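Here is a short report on one protein chain. Keep the sequence and the 3D view side by side as you read.

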Amino acid sequence: MSATQAIACWVGASGYVNACTLNVSGNTVTAGAVLVVNAVSSAYVSVTAVSATQAVVAYTGLSTYVNACTLNVSGTTLTNGAVLIVNAAATVYVAVAAMSATQCIVTYSGTTSYTQACTLNISGTTITNGTVLSVNAINSSYLCVAPLSTTQAVLAYSGGPAYLHACTLNVSGTTLTNG
């Protein structure tokens, strides 16, 4: 988020997503108050900073669907925006990456374990999702997505008989296409 602050997210003892700020002073790191983001059993948590005061967390939640919300920073305190249910399919291996202060890409192993992706579009503390792109037609796992610019990201994943695959994800408005 900055040279002196980051956000940590994890699945806590309750199985819910937890988050806090990590505040750096010299060589000392202190944690801000813990925010319980949701009240459902969750897994596959991924977080990305979109600005110095906001991040997006994505995870599998209710019925193992992909969920996402903003994490909003005020000093060392976090609050979350409304939770968006991104898809309605059993999902694993969630990864999210910021493209700009108003847009992220979320990738996941979704329908029939194929890699899927969509934009997450941020307005204030509200997130909406773009159309879901089916990136491939092979079983996929261990996803990693990283921005190259505001309109292109690279996606790497394990697929097929344990091969590493990679492709670009190209953004036009709220629509993704893959290279």
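Two terms come first. Strands are DSSP runs of E with at least two residues, helices are runs of H or I with at least four residues, and both are numbered from the N terminus. Two strands pair if DSSP finds at least two bridges between them.

This is a predicted model, in which local features need pLDDT of at least 70 and side-chain atom pairs count only at pLDDT 80 or more, while totals for chains, interfaces and linings use all residues. Residues are numbered from 1 along each chain as its sequence is written, and side-chain values use heavy atoms, with hydrogens and water left out.

## The whole chain

The protein chain has 0 helices and 18 strands. Its C-alpha trace spans about 45 × 35 × 30 Å along the principal axes. The radius of gyration, taken over C-alpha atoms, can be set against a globule rule of 2.2 Å times the number of residues to the power 0.38. For 179 residues, a compact globule would have a value near 16 Å, and the protein chain agrees with its 16 Å.

Accessible areas come from the Shrake-Rupley method with a 1.4 Å probe, and for residues only the protein chains shown count as cover. The accessible surface of the protein chain is about 7,900 Å², and 57% of that belongs to carbon and sulfur atoms. A residue is buried under 20% relative accessible area, exposed over 50%, and partly exposed in between. Of the 179 residues, 46% are buried.

Contact means heavy atoms within 4.5 Å. Among contacts with a separation of 6 or more, 39% join residues 24 or more positions apart.

## Two cores

In soluble globular proteins, nonpolar side chains tend to be buried together. A nonpolar core here is a set of buried Ala, Val, Leu, Ile, Met, Phe, Trp, Tyr and Cys residues joined through side-chain atoms within 4.5 Å.

The largest core has 17 residues, and V56, V86, V96, C104, V106, L120 and I127 touch the most other members. Strands β6 (54-60), β7 (66-74), β10 (92-100), β11 (103-109) and β12 (115-123) each supply at least two residues of this core. A second, separate core of 16 residues includes A95, I105, V145 and Y157.

Look at C104. Beyond its neighbours within four places in sequence, C104 is in contact with residues including V50, V56, V96, C118 and L120.

## Strand pairs

Which strands sit side by side in the open sheet of 4 strands? The order is β15-β16-β17-β18, with antiparallel pairing. β15 (140-147) and β18 (175-178) stand at the edges with a single partner strand each, so one side of each has no neighbour in the sheet. Neighbouring strands of this sheet are turned by 30° against each other on average, direction ignored.

β10 and β11 also run antiparallel. The table lists three pairs.

| Strand pair | Bridges | One residue pair |
|---|---|---|
| β10 and β11 | 6 bridges | V96 and V106 |
| β16 and β17 | 8 bridges | A153 and L169 |
| β17 and β18 | 4 bridges | V171 and L176 |

A hairpin joins β10 to β11 through 2 residues. β17 and β18 also form a hairpin, with 2 residues between them. In that turn, G173 has a positive phi of about 70°.

## Four residues to find

Start with Q5, in strand β1 (residues 5-11). Q5 has a relative accessible area of 13%, so Q5 is buried. Leaving aside neighbours within four places, Q5 is in contact with T21, L22, N23, V73, G75 and T76. The C-alpha atoms of Q5 and S149 are separated by 23 Å, and their positions lie 144 residues apart in the numbering.

Q54 is in strand β6. Its relative accessibility is 11%, so Q54 counts as buried. Not counting residues up to four places away, Q54 touches residues including M1, T70, A101 and I122.

S140 is in strand β15. Is S140 buried or exposed? At 6% relative accessibility, S140 counts as buried. Beyond four places in sequence, its contacts include Y93, S109, Y114 and Y157.

G160 is in the loop between β16 and β17. With a relative accessible area of 44%, G160 is partly exposed. Apart from neighbours within four places, G160 is in contact with I138, N139 and H165. G160 and N27 are 133 residues apart in sequence and 44 Å apart in space, C-alpha to C-alpha.

Note on methods:
Buried means under 20% relative accessible area, exposed over 50%, partly exposed in between (1.4 Å probe, protein chains only). Axes are lines fitted to C-alpha atoms, for helices over the stretch in contact, and angles run from 0 to 180 degrees between N-to-C directions.
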